[in-house]
Amino acid sequence: MTAATPKGERRRQALVEAAAGLLVDGGFDAVRHRAVAERAGLPLASTTYYFDSLDELITAALEFHGGTELAYGKARLAELDPAECGGDAFIDLVLDLLLGPPAGERDAEAVLLRYERLVATGRRPYLRPLMRRLSGQLHGLLVDIFARSGQPVGRERVEELIALVDGAVVNALIEISPDPRAAARRMLAKAMQPR
């Protein structure tokens, strides 16, 4: 359903943001009508009033979260000093886009939850079109970042680097590494060295 009034739009958006927060904090299993309503500070019935199904709410939450992350990446790209391109700031930006911004002491858990979400979307066919679109936008942003760094690469090379980071993170998670971001950083830095 859609919200026809400004108040309705605000309530709907509050539900989307609450669901996105639950998704980030606890994965798909955390997104339930009651939990979303409580987090948004709205009546339980509002979740079914503004959304025809939980799947529709999850889709809106994932789209909101993905859009927020892409906007963050674009803002970081705009702030990136061209003199730092190719250095640590560049690698940090790429990792922030692929793993999410660092979460301090909770970083390993946040990375794990992110990968759980990514894998779990494969079991939800209704999310595939959205994930393809968000993935395409992320790849485009990464191509722009590499071009700005003076290292223009095509989409195929971006896919290779994403696979490298993903492999490093998954291996670190399997080994119960306290810092999967550091493992990904080492691999990405090595892959970005001039050949």
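## A cavity inside the model

Let's start on the inside. In this predicted model, the count comes to 1 cavity of 30 Å³ or more. About 40 Å³ of space lies in the largest cavity. How can such a space be found at all? Rolling a probe the size of a water molecule over the atoms shows where empty space is left.

Which residues line the largest cavity? They are Val94, Leu98, Leu142, Phe146, Val158, Leu161, Ile162 and Leu188. Three helices each give two or more residues to this lining: α5 (88–99), α7 (128–148) and α8 (155–174). Helix α8 gives the most, with 3 residues. As for chemistry, the lining divides into 8 nonpolar residues, with no polar and no charged ones.

## The overall fold

Now step back and look at the whole chain. How many helices and strands does the protein have? There are 9 helices and 0 strands, so reading along the sequence gives the pattern α-α-α-α-α-α-α-α-α. The radius of gyration of the protein is 18 Å, and the globule rule gives 16 Å for 195 residues; these values are close, so the protein is as compact as a globular protein of that length.

You can also picture the protein by its extents: along its principal axes, the C-alpha trace spans about 60 × 35 × 30 Å. Of the 195 residues, 41% count as buried. If you take the contacts with a separation of 6 or more, 63% of them are accounted for by residues 24 or more positions apart.

## A region listed in UniProt

Next comes a stretch with a label. In an unreviewed entry, UniProt lists residues 32–51 as "DNA-binding region". What does the chain look like there? Over residues 32–51 the chain is 70% helix and 0% strand. The C-alpha atoms at the two ends of this stretch are 12 Å apart.

## One residue up close: Ala14

Finally, let's zoom in on a single residue. Ala14 lies in helix α1, which covers residues 6–26. Is Ala14 buried, exposed or partly exposed? With a relative accessible area of 26%, Ala14 is partly exposed, because buried means under 20% and exposed means over 50%.

Which residues does Ala14 touch, leaving aside its neighbours within four places in sequence? Ala14 is in contact with Ala40 and Leu42, and both of these positions fall in the stretch 32–51 that UniProt lists. For a sense of distance, take Ser135, which is 121 residues from Ala14 along the chain. The C-alpha atoms of Ala14 and Ser135 are separated by 25 Å.

How values were computed. Residues are numbered from 1 along each chain as its sequence is written. This is a predicted model: local features need pLDDT of at least 70, side-chain atom pairs count only at pLDDT 80 or more; totals for chains, interfaces and linings use all residues. Side-chain values use heavy atoms; hydrogens and water are left out. UniProt positions are given in the numbering used here, feature names are shortened, and annotations may be inferred rather than shown by experiment. Helices (H or I, at least four residues) and strands (E, at least two) are DSSP runs, numbered from the N terminus. On a 1 Å grid over the protein atoms alone, a cavity is a set of points where a 1.4 Å probe fits but cannot get out, and a pocket is an open set with protein on both sides within 12 Å along at least five of seven lines; lining residues have an atom within 4 Å of a point. Grid points are joined across faces, edges and corners, and a volume is the space filled by probe spheres set on the points. Ala, Val, Leu, Ile, Met, Phe, Trp, Tyr, Cys and Pro count as nonpolar, Asp, Glu, Lys and Arg as charged, and the others, Gly among them, as polar. The radius of gyration is taken over C-alpha atoms; the globule rule is 2.2 Å times the number of residues to the power 0.38. Buried means under 20% relative accessible area, exposed over 50%, partly exposed in between (1.4 Å probe, protein chains only). Contact means heavy atoms within 4.5 Å.
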